[in-house]
Amino acid sequence: MFAKNVGQSDRIIRAIVGIVAIIAFFMISGGWSWLLLVVGIVMLATAALGTCPPYALLGINTCKLKS
């Protein structure tokens, strides 16, 4: 579907940020906590899939090509 455009270090950072955002969702109450949940899920999904649609639109690719 989408070409992989997220490199290994980028995926690790996204996974960490996603986990932290989801943990913060459970620790913070209020309307903004739902934003943390959505951000966490999106970050984990892009880390797991290795693709980021905004990166594709902007022409960004942090994934190293295999020679």
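This is a short walk through one small set of features in a predicted model, from the whole chain down to a few residues.

Hi everyone, and thanks for having me. Please keep in mind throughout that we are looking at a predicted model. Let me start with the chain as a whole.

What is the secondary structure made of? The chain comes to 3 helices and 0 strands. If you read along the sequence, the pattern is α-α-α. The C-alpha trace spans about 50 × 20 × 15 Å along its principal axes. There are 67 residues in the chain, and 28% of them count as buried. As for the surface, the accessible area comes to about 5,000 Å², and carbon and sulfur atoms account for 75% of it. One more number for the whole chain: take the contacts between residues at least 6 apart in sequence, and 70% of those join residues at least 24 apart.

Now to the helix pair. Helix 1 covers residues 8-27 and helix 2 covers residues 32-49. How do their axes meet? They come within 7 Å and cross at roughly 155°. Angles over 145 degrees count as roughly antiparallel, so helix 1 is roughly antiparallel to helix 2. The crossing of the two is left-handed.

Which residues make that contact? From helix 1 we have Arg11, Arg14, Ala15, Val17, Gly18, Ile19, Ala21, Ile22, Ala24 and Phe25. From helix 2 the list includes Ser33, Trp34, Leu36, Leu37, Gly40, Ile41 and Met43, and further along Leu44, Thr46, Ala47, Ala48 and Leu49. Sorted by class, the contact has 16 nonpolar, 4 polar and 2 charged residues.

Let's zoom in on two of those helix 2 residues. Ser33 lies in helix 2. Is Ser33 buried or exposed? Its relative accessible area is 5%, and since buried means under 20%, Ser33 is buried. Leaving aside neighbours within four places in sequence, Ser33 is in contact with Phe25 and Ile28. You can also find Ser33 on screen by looking from Ile22: these two are 11 residues apart in sequence, and their C-alpha atoms are 9.0 Å apart.

The other one is Thr46, again in helix 2. With a relative accessible area of 9%, Thr46 falls under the same 20% cut-off, so Thr46 is buried. What does Thr46 touch, once neighbours within four places in sequence are set aside? The answer is Arg14, Thr51 and Cys52. Arg14 is a name you heard a moment ago, in the helix 1 part of the contact.

Next, Asp10, which has its place in helix 1. Asp10 has a relative accessible area of 13% and is buried. Not counting residues up to four places away in sequence, Asp10 touches Tyr55 and Thr62. For a sense of distance, compare Asp10 with Ser33: the two are 23 residues apart in sequence and 24 Å apart in space, C-alpha to C-alpha.

That brings us to the later part of the chain. Helix 3 covers residues 53-58, and Pro53 sits in it. Pro53 is partly exposed, with a relative accessible area of 38%. Between Pro53 and Val17 there are 18 Å in space, C-alpha to C-alpha, and they are 36 residues apart in sequence.

Finally, Cys63. Where is Cys63 found? Look in the segment after helix 3. Cys63 is partly exposed, with a relative accessible area of 25%. Setting aside residues up to four places away in sequence, Cys63 touches Lys4, Asn5, Val6 and Gly7. Cys63 and Arg11 are 52 residues apart in sequence, yet their C-alpha atoms are 9.6 Å apart in space.

To wrap up, here is what I'd like you to take away. The chain has 3 helices and 0 strands. Helix 1 and helix 2 are roughly antiparallel, with a left-handed crossing. And Cys63, after helix 3, touches residues including Lys4 and Gly7. Thanks for listening!

Key
Residues numbered from 1 in each chain as written. Predicted model: local features only at pLDDT ≥ 70, side-chain atom pairs only at ≥ 80, totals over all residues. Heavy atoms only, no water. Axes fitted to C-alpha atoms, helices over the stretch in contact; angles between N-to-C directions. Helix = DSSP H or I, 4+ residues; strand = E, 2+ residues; numbered from the N terminus. Parallel < 35°, antiparallel > 145°, perpendicular 65-115°, else oblique. Left-handed = near helix turned anticlockwise from the far one by under 90°. Contact = heavy atoms within 4.5 Å. Nonpolar A, V, L, I, M, F, W, Y, C, P; charged D, E, K, R; others polar. Buried < 20%, exposed > 50% of the residue type's maximum accessible area, 1.4 Å probe, protein only. Areas by Shrake-Rupley, 256 points an atom, 1.4 Å probe, with all protein chains shown as cover.
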